[in-house]
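Me: I would like to learn how to read the contacts between chains and helices in a model. Could you take me through them one at a time?

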Amino acid sequence: MTHLFSSAAGDTLSLVVYPGLLTIAVFGLLIEVAWSAVARQAIGRPNFRWRRPPTVQVIVALLVMLAAAQFAAPFNALPSADRNLVIAAIAIGFTAWAELALEPELVARPGLLLVIQGCWLLSVLGPAIEPESLRPQVLGNALVPALLPVKVASGFLYLLCLPALMRLWPMSPPAERRSRPRFNATRAMLWFPYCGLFTTLFFPPPTDDVAGVVRFFGTSVIAALTCVLIGTVLAQRGAERARGLYTRAVAPYSFLLLGLIVATLALTR
Amino acid sequence: MSEVAAFVAWLGAAVIVLADSRRGLAAGLAILAAAAGAIAWSQGEQGGAIVLLAGGVLGSALRFTIGPDGWGLMQPGSTPRLLFTVIVALVALWVALAATSGGSAGFRFAVLTVVVLLVGRLLEAAEPAVMLTAIAGVALVLGIVSGGGIVSYAVAALVTAGVSAMPMPATPRTRGT
Amino acid sequence: MEPELAIALPAAGAACAAALKPRPRLAFAAGAVLGAAGLVAVISSRADLSSDQLGITLTLSPASRAILIAASAALAILVALPPPRADRSNLLRWGLGGLAGMTAMAAAPTLGLAVMILLLLVVLQGSGTGRRAYANRFRAPALAIGLLALAVALAAMQGPSWLSRLLVLCLVAGLAAALGVLPYIHEFDPDELTSASPIPWLAFVGPVLAVVVVGRAGEMIEGAEDAFGALLIGLGITNILVATLASWRTSSDAEAWRYSFIADWGLALCGFGLVVPDGVGAALLVFYSILLGRLPLYLWSRQSLREKAQTDRPINFIVAAALAGSAPFAGFPARILLLRAATAMYWPLALVLALSFLLWLPGSLRLGRTIGAPSGRQLIGVAVALAVSVVFGLFPRPLLGLAGL
Amino acid sequence: MPPIALLAPIVLPVAAAVVAAATSRFGEPIARVVAATGAWAALAAIGVLWLTVRSTQELSLGPLGFGVGLDLRLDGVAVVFGVIALMPAALLLTLQPRGWQESTVALLAIAAVVLAIESGNMVLTAIGGCTAATLAVVQFDIEDLRAVRPSWASVMIPWIALAWAGVTLQIQAGTATYAAVPVSALTTQIFALIAIAALLSAGIVPWRGWAVRIWMRPSLRAASVTAATLLPLGLYLLVRAYELGNGRYPQSWLNLALATWGVLVALGAAARAQAAPTRSEYMAETVPGLAGFALMSIAIGTAVGLFAGLILLASSALLTAALPLLPDRRGPPALIVAAAAAGVPPGLAFGGRVLGLADAFEAGNAFGLVAVAGAATWLVAAAAAARSVGLHAGRRRQASDVLALVAAVLGVAVLAAGPAVAAVASITSDAIASVMPLPTGGLAPDALSIITVSTTLPALALFGPLLLLGAAAVALSKPGPVTSAAQSKAPLFEVPGAAAAIRVRDQLRSWTIPEQYRSLFDPAALERLAVGGRPALWLASLVALAVAVSR
């Protein structure tokens with residue numbers, strides 16, 4: 001029973017505080033502010049006055065805190081053996097569909113989003129096939145030369161998909177009910193899950209010290225800023241170009257990655 | 001003797017094949033019964049021969065009284081039947097003499113030719129008297145070949161007589177279960 | 001003495017029922033008593049108790065005895081729960097006459113004697129009043145007798161191998177012609193009295209005749225067993241394929257019933273052709289299901305066939321399942337035994353059979369509907385037939401044990 | 001507990017069926033109560049039989065006459081599948097109003113399913129399964145003759161195949177008894193027959209098979225009972241096949257092929273679900289989708305995969321009971337059931353899918369690719385579930401608020417049972433160990449977490465707090481406004497090649513014999529020829545037979 005309570009306490013801490021909900025909120029707030037500045041949008045004032053949160057945001061928060069708990073972040077209270085990449089990937093993937101279910105007006109082009117999510121999922125799970133492990137830190141640590149091409153190609157695909165998944169692309173939702181720009185709390189909650197997972201998967205796991213913390217979050221911030229940069233470029237090119245990029249370039253590229261994974265699998269047997 | 005009996009058996013069957021009325025059919029059955037009895041006698045089954053002859057003669061007598069009137073032998077249109085009797089006889093002769101063994105050749109010839117001729121007649125005929133006579137002839141042959149001792153001859157004789165005693169059936173158009 | 005009594009008592013019953021026709025109650029009572037006594041005699045005629053009271057040895061083989069008991073049970077069910085508009089004493093008269101002939105055929109020491117008794121049955125049935133022309137009623141069974149007689153004659157000769165193959169051909173073709181299965185289907189008139197129609201050959205006399213012919217064939221076809229089995233299997237599969245499709249597609253419901261009997265015969269022929277005990281067991285189970293299931297159901301359906309009444313009640317679907325040989329009815333273990341025998345012999349044959357089992361389904365659904373909405377005695381009869389089918393479908397061992405398997 | 005008691009779970013529903021039929025004259029409600037009692041009694045009997053002994057019990061009542069004996073055997077696997085099949089069936093018989101005829105046939109079908117599961121040999125399983133399938137067809141026809149139902153042939157084929165596999169085992173190995181068949185007797189050919197039987201009897205196919213179409217009937221009484229009983233029965237065969245092969249299938253590529261088939265089934269269901277024009281058509285795809293994932297997990301060939309499959313089967317069992325109770329109107333019950341089916345964390349379906357996918361990754365080789373496809377399929381299913389919330393109901397069935405509440409409770413049960421998944425694993429370990437070896441250290445050593453090859457799933461410690469936090473947060477949250485009325489929505493994507501396939505199918509269906517050749521294929525003419533009783537034809541066939549016999 002003591003073991004249960006101790007492990008439950010540790011898991012709860014990683015869910016709620018670090019690298020869970022609190023970390024997600026702070027990281028997301030910072031990056032969202034940055035994006036607003038870059039996109040020349042009035043950020044709106046985050047309303048810190050207590051009010052009942054919308055159900056959709058609650059669901060998204062629950063999903064992303066479950067995902068963040070799986071990261072190879074330093075000082076993560078969730079034991080490394082208990083972390084599972086599938087849980088992280090699926091929990092993050094569910095966030096888009098929670099929005100579609102509860103506030104469908106805020107989801108632009110769900111069909112294209114699904115395709116991009118499929119590509120993203122391949123970039124997340126593809127590198128796990130050959131190592132036959134789902135422990136995120138194991139995958140981050142995998143620096144075998146034979147696996148590097150898949151890892152690099154997957155990381156690139158991940159970054160290509162990120163702006164669309166973060167809704168930084170210039171696609172307008174079916175019915176925007178907001179009269180004035182408002183702080184997008186739902187998206188803010190997604191910055192750390194996506195960027196932290198990128199860091200976890202494609203970089204060696206940091207040590208449990210300050211340097212490790214700096215390296216982990218630094219890499220995640222760089223990933224976020226890269227996403228912001230790509231998002232800005234997409235915004236300038238317009239919706240059609242963005243759509244063309246994802247349908248004509250990213251999707252075929254993901255098939256290329258799939259071929260690379262199969263080839264790697266065949267060669268390493 | 002069995003060779004003569006075999007020829008007589010063919011003759012009886014041929015008469016049944018070529019006859020369409022009660023007298024001709026009765027004559028054919030009687031000839032066939034005599035031949036069957038002779039074949040049985042030649043096989044050492046004297047008792048069986050007598051029983052078979054008795055059954056056949058009784059059947060012939062009954063047939064003489066039941067059926068379309070007249071002899072009806074070789075009526076117009078019976079040429080194919082005549083050819084049939086000859087061809088069957090030739091084929092049966094070849095089979096009995098050249099292709100088979102066991103028992104006497106006459107016995108083999110008689111059995112084959114009578115059965116084939118009478119089955120042919122059965123398939124071709126539409127008149128109940130003709131069909132019943134043909135089937136009675138088959139019963140006689142079965143009596144010879146069954147090999148159940150006197151009982152086979154007795155049963156064959158009874159069946160021949162019984163079949164010949166059958167009244168001409170009516171075919172009312174009834175419905176029911 | 002039992003075999004003689006098993007023949008004589010039903011024959012006497014039939015004779016009494018015929019003689020006392022003007023007084024139906026008395027005719028029925030006499031027929032019933034003598035028939036019951038005949039059944040007792042059949043049951044007590046074990047294979048090890050042969051009798052030669054009449055100068056010849058009469059013995060009932062276990063398989064023949066089992067089929068005779070099933071046929072007697074079928075007759076008892078039909079007489080106790082007669083179809084609408086059916087005359088019990090008439091049913092009893094024809095049934096007991098048939099039973100006497102079947103018992104005589106089964107007890108006869110030689111095939112020749114059995115064929116003579118078959119001849120007598122053919123002539124007696126032909127003498128009944130039917131709707132078809134006499135020649136059409138008589139021709140096919142007469143051809144069967146001719147072919148079987150030729151087989152008996154050929155068996156008395158020695159000769160080259162083609163002679164034994166010709167003998168096999170005569171036996172199988174004669175059996176098929178007597179039963180009225182493909183390619184020797186008897187002409188059929190839906191409105192004809194059942195006793196005068198081809199149905200008794202398919203559903204009442206046929207099973208015993210088949211057991212007798214196949215049983216006696218063993219000692220006649222030495223050297224041509226393979227040809228015998230192959231011919232039976234070939235005819236069986238042909239009958240299954242054609243009759244199941246015809247039962248589904250034919251325009252007349254009564255014809256559909258007739259084809260369903262032929263399809264079941266296809267299974268039985270395959271079972272006999274496979275020669276291994278499982279195959280024979282399958283054939284016997286098919287006979288049981290014909291005698292105790294399909295035949296009574298057909299007779300009970302005739303009223304609604306005439307009225308062209310079709311219903312889709314639960315009872316109709318359950319009857320359809322029973323007719324299709326689905327579990328838990330008696331047809332399913334028969335199919336399992338057939339599959340096992342075919343797999344042991346040649347597995348592609350098992351594949352063909354397994355696929356052909358599905359062909360029963362559409363026709364059976366159609367036949368199930370023709371039962372209509374049974375009520376009263378008819379409903380009890382259908383329930384009894386289904387219950388018997390379920391019992392023997394789940395536990396056929398007593399039936400197979402009765403047949404010495 | 002005397003061995004004869006093994007008959008109780010079979011006899012009790014049969015007895016209840018007889019009583020239900022006998023008491024029908026006193027009104028439908030009595031028959032309904034009797035039917036429900038019979039189903040619950042069978043479930044209780046299985047529970048009591050197992051809990052009193054906690055080990056395999058066998059009963060042999062001697063040979064039946066066609067090469068098999070009446071051998072009953074209640075082991076862990078039989079108990080698990082018995083509970084999975086009987087629980088929803090009993091719930092449905094309790095909650096759904098039925099006529100006495102439907103209740104009687106449903107009870108007999110339940111008894112047949114229990115016979116198939118309890119049977120100790122394959123041929124008896126085939127008999128039980130064939131009986132259940134036949135009675136399912138009868139149920140459908142009693143309920144609604146015109147509504148779509150599985151063709152009788154499609155539900156018979158698998159059981160004939162299984163019977164064939166059984167008799168082949170008898171011939172090659174001398175027995176078809178699960179516990180006695182030598183490992184070497186399970187050849188690829190026999191396994192192929194078993195696999196065909198399993199997939200077709202449960203309707204687990206990538207296309208829109210009967211398992212989907214029955215959920216589109218106007219009434220779901222027969223569909224729900226059929227799905228509740230036949231789906232587990234199909235997958236049961238694949239689990240028993242592990243016992244025959246001592247924990248393995250004859251060839252490892254068979255595992256891969258079945259796992260791929262499972263993902264294709266789930267993908268097909270998800271692809272149709274995301275294009276469903278109505279919510280009821282979406283719901284029709286949920287159970288087959290879960291079945292696909294269950295098949296994928298079971299086929300991997302490890303204890304974890306098998307356990308994941310059982311968890312997914314349990315989820316689908318609860319959802320099978322919930323779906324027919326849902327009302328047409330939009331509302332929390334429909335949303336909860338859709339979420340539970342989609343595998344929202346930390347639900348039972350979520351845990352099962354995660355374990356199945358993780359196990360596939362850890363199995364290595366091509367199984368990893370199967371796992372990636374499975375994960376992608378899961379997200380497509382989630383998108384379809386989200387899209388379904390705003391769809392038209394698509395049916396005009398009324399369900400009372402009480403039934404809607406029960407459906408919601410069942411959905412919540414699936415969602416809330418995630419943390420208990422490790423406890424379930426420790427309970428079912430014995431059952432899994434009876435068909436395949438457990439990993440060293442066990443499946444769930446401490447009932448708190450499940451150990452896979454590379455990771456540990458801290459079910460209670462991670463999912464428990466998440467569930468509590470989630471429940472509290474959702475309770476405190478502000479539901480979003482119903483921003484749109486029910487509307488018809490475009491599919492999220494078009495399945496590539498689907499339109500072409502439909503065109504080809506329609507063209508094939510439209511093919512007919514040209515007019516001038518029809519006389520050659522006139523069955524009526526052939527029939528007239530055959531039944532004409534012409535001696536010429538007879539002689540011709542005699543000659544043909546002579547030629548045949550002289551070959």
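Me: How many residues does the contact take from chain A and from chain D?

Reply: Before the count, a word on the model: it is predicted, local features need pLDDT of at least 70, side-chain atom pairs count only at pLDDT 80 or more, and totals for chains, interfaces and linings use all residues. Residues are numbered from 1 along each chain as its sequence is written, chains are lettered from A and ligands numbered from 1 in the order in which they are written, and side-chain values use heavy atoms, leaving out hydrogens and water. Contact means heavy atoms within 4.5 Å. By that rule, chain A gives 54 residues and chain D gives 55 residues. Of the four pairs of chains in contact, chains A and D share the most contacts.

Me: What area do chain A and chain D bury between them?

Reply: The size of an interface is often given as the accessible area lost when the parts come together. Here buried area uses a 1.4 Å probe and is summed over both parts. Chain A and chain D bury about 4600 Å², with 76% of it on carbon and sulfur atoms. On the chain A side, A:Arg52, A:Phe94 and A:Leu114 supply 12% of the area buried against chain D, more than any other three residues.

Me: Which element gives the most to the side of chain A that touches chain D?

Reply: Helices here are DSSP runs (H or I, at least four residues), and strands are E runs of at least two, numbered from the N terminus. The answer is α4(A), with nine residues. By class, that side of chain A has 35 nonpolar, ten polar and nine charged residues; Ala, Val, Leu, Ile, Met, Phe, Trp, Tyr, Cys and Pro count as nonpolar, Asp, Glu, Lys and Arg as charged, and the others, Gly among them, as polar.

Me: How many salt bridges cross the interface of chain A and chain D?

Reply: Side chains of opposite charge can pair when their charged atoms come close. The rule asks for a side-chain nitrogen of Lys or Arg within 4 Å of a carboxyl oxygen of Asp or Glu, and it finds zero across this interface. The whole structure has 28 salt bridges over all chains. One joins A:Glu99 and A:Arg167, with the closest N and O atoms 3.5 Å apart. A:Glu99 lies in helix α4 of chain A and A:Arg167 in the loop between α7 and α8 of chain A, so the pair ties together parts that are 68 residues apart in sequence.

Me: At what angle do α3 and α4 of chain A cross?

Reply: Axes are lines fitted to C-alpha atoms, for helices over the stretch in contact, and angles run from 0 to 180 degrees between N-to-C directions. Helix α3(A) (residues 55-68) and helix α4(A) (residues 85-102) cross at roughly 175 degrees, their axes coming within 8 Å. Angles under 35 degrees count as roughly parallel, over 145 as roughly antiparallel, 65 to 115 as roughly perpendicular and the rest as oblique. The two helices are therefore roughly antiparallel. Their contact has 14 nonpolar, two polar and one charged residues.

Me: What does chain C share with chain B, and which helix gives the most on the chain C side?

Reply: Chain C and chain B bury about 3900 Å², 73% of it on carbon and sulfur atoms. Chain C brings 51 residues and chain B brings 44 residues, with zero salt bridges across the interface. On the chain C side, α6(C) gives the most, with 14 residues.

Me: How far apart are the closest C-alpha atoms of chain A and chain C?

Reply: They lie 38 Å apart, and no contact joins the two chains.

Conventions:
Buried area = accessible area lost by both parts, 1.4 Å probe.
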